[in-house]
Structures are given as structure tokens and as C-alpha cells.
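Here is a short tour of a protein model, written for someone who likes to follow along in the viewer. Keep the sequence and the structure side by side as you read.

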Amino acid sequence: MQSLEAELDTARQLAVADLADAIESIGFECTRCGACCTTDGGDDHTATVFPDEVRDLQQATATGDEDRDWRDVARPMPYGLSESDDGGLEGETFEWALQTDGCGDCVFYEEADDGTGACVAHDDRPLICRTYPFSVALAGTSQPMGEAVDEEGIVRAHECEGLGRDISREDAEELAQALKERAVRELEEAIAVRDNYRPADPDLGEVVVHDSEGTKRMDGTSLED
């Protein structure tokens, strides 16, 4: 397996035109079914979000003059955490996920009267959302929900009812550019998390998140403050 640095170099050299060719070959059109934003009754929805994307969403969805609270936007990625005595979570994790509502759906998801899904932060949605249902086959990059059901070169397509539909070259290139940016950002994040990692030894009932900026509490503040 290549080092993260080697994978990052590969990601930076990805040709947007080649990624767009692959996306065109597979085909995609969002049907606004909402499946990528909701849970099917199983585990809560999880979508990886970078620290700067959390802050962007805080500002973009602010009410009045105050930004939204960090915890209104993001939560610790649950993978690796264990259940505490009071029914909550505790331990250490290495990513942030978009916050969910009481049903386990993304907190930014709303359903219109006609049943189609809508993102209330669509213009500021994270890269993982901009590029769904696609990913690139590089170690150190995140894979969306659902198994890969199609592939073309380095591009993987994950389960989605919008696959196989015609997509314009312009839209394919826009999606390809975002897909490359996401791969680069994910690898940069992984390298920074590795380099900045310091054992936190959280107390019982406490959750800490290691991200590219250091070690944080659930509210996004630094554990070192």
C-alpha cells in the first residue's frame, strides 16, 4: 500500500477531464429522493464534514447576527466510540459527521410537500454531499454510504437510483472537479490528523475528536484551551 503522501500526490495529479469521462460513462442525475440524506431505519445518517466546512455551515445557516452552535451542525463520527453508562457515547474518534435529527436524518434535510427531498444548506453543502454517489479508489479517502455498484477507471459509483441517467458534459466536469478536490482534501486531512495526533485519554462519558486542527471537545473547542 502506498503512503498517504503518495496517494495525495496521485490525487493532485488526477485529470478532471478523465474523471468527467468516467462520470459521463456511468451516468447520473439527482432524483431528489433523499436517500443519501436519510436513514432507512438502521444506523443514523453519517456524512463526513471537514472542520472548515462546519464553520461555513455555521455562518451560512446562522439566524440573526449569531452563528449556529457547532453541535447544531456537526457531531463526532460514531465509529470507534462506545456506549457510556448513561446511554451516551464516550471515547476517541477521528472525524466529524453532519448532525442528525431525532429520526437519524441529516439535520439539513427537509421534504417538500410533493415528497421530494431538499437540502436547506444546498449552496454550502460539504464536498461529500456535492460528489455523492461517486468516490475515487484511493487509500485514505472516504467512501459514501452503499456498496460500489459500478466503476470506470478510478471512479466508483455507489448505490443510488439516479445512476445510469444522462448527464451533461458541463455537469460531469463540475462534479469531477469537486470529486478531485474532495480526494485531495480527505488525504490532506488524514495526514494532518496523523501528524497532529496526541493521546487524549478521555474521561468516562467524554468524547474527543482528533481532526486536522488538533484535539477537540464535542462542541468544537480545543481540548488544550
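In this predicted model, the largest nonpolar core is built from 24 residues. Ile 23, Phe 134, Val 136 and Val 155 are the ones with the most contacts inside this core. Several elements feed into the core, with at least two residues each from H1, helix H2 (16-26), strand E8 (134-136), strand E10 (155-158) and H6. Of these contributors, H6 gives the largest share, 8 residues. If you look elsewhere in the model, you will find another core that lies apart from the one just described. This other core has 15 residues, including Ala 47, Ala 74, Trp 96 and Ile 128.

**How two helices pack**

How do the axes of H1 and H6 cross? Helix H1 covers residues 4-12 and helix H6 covers residues 169-196, and their axes come within 9 Å, crossing at roughly 160°. Because of that angle, H1 is roughly antiparallel to H6. The crossing of the two helices is left-handed.

On the H1 side, the contact is made by Leu 4, Glu 5, Glu 7, Leu 8, Ala 11 and Arg 12. On the H6 side, you can pick out Lys 180, Ala 183, Val 184, Leu 187, Glu 188, Ala 190, Ile 191 and Arg 194. Sorted by character, the residues of this contact comprise 8 nonpolar and 6 charged ones, with no polar residue.

**Two partly exposed residues**

Now for two single positions, Gly 140 and Glu 110. Gly 140 sits in the loop between E8 and strand E9 (148-152), while Glu 110 belongs to strand E6 (residues 109-111). The table gives the relative accessibility of each.

| Residue | Relative accessibility | Class |
|---|---|---|
| Gly 140 | 39% | partly exposed |
| Glu 110 | 48% | partly exposed |

Which residues does Gly 140 touch, leaving out those up to four places away in sequence? They are Leu 4, Glu 186, Leu 187 and Ala 190. Leu 4, Leu 187 and Ala 190 also take part in the contact between H1 and H6. Looking the other way, the C-alpha atom of Gly 140 is separated by 38 Å from that of Asp 65, a residue 75 positions apart from Gly 140 along the chain.

With the same neighbours in sequence left out, Glu 110 touches Thr 116, Gly 117, Ala 118 and Val 120. The C-alpha atoms of Glu 110 and Gln 58 are separated by 18 Å, and these two residues are 52 residues apart along the chain.

Methods:
Residues are numbered from 1 along each chain as its sequence is written. This is a predicted model: local features need pLDDT of at least 70, side-chain atom pairs count only at pLDDT 80 or more; totals for chains, interfaces and linings use all residues. Side-chain values use heavy atoms; hydrogens and water are left out. Axes are lines fitted to C-alpha atoms, for helices over the stretch in contact, and angles run from 0 to 180 degrees between N-to-C directions. Helices (H or I, at least four residues) and strands (E, at least two) are DSSP runs, numbered from the N terminus. Angles under 35 degrees count as roughly parallel, over 145 as roughly antiparallel, 65 to 115 as roughly perpendicular and the rest as oblique. A crossing is left-handed if the near helix is turned anticlockwise from the far one by less than a right angle, and right-handed if clockwise. Contact means heavy atoms within 4.5 Å. Ala, Val, Leu, Ile, Met, Phe, Trp, Tyr, Cys and Pro count as nonpolar, Asp, Glu, Lys and Arg as charged, and the others, Gly among them, as polar. A nonpolar core is a set of buried Ala, Val, Leu, Ile, Met, Phe, Trp, Tyr and Cys residues joined through side-chain atoms within 4.5 Å. Buried means under 20% relative accessible area, exposed over 50%, partly exposed in between (1.4 Å probe, protein chains only).
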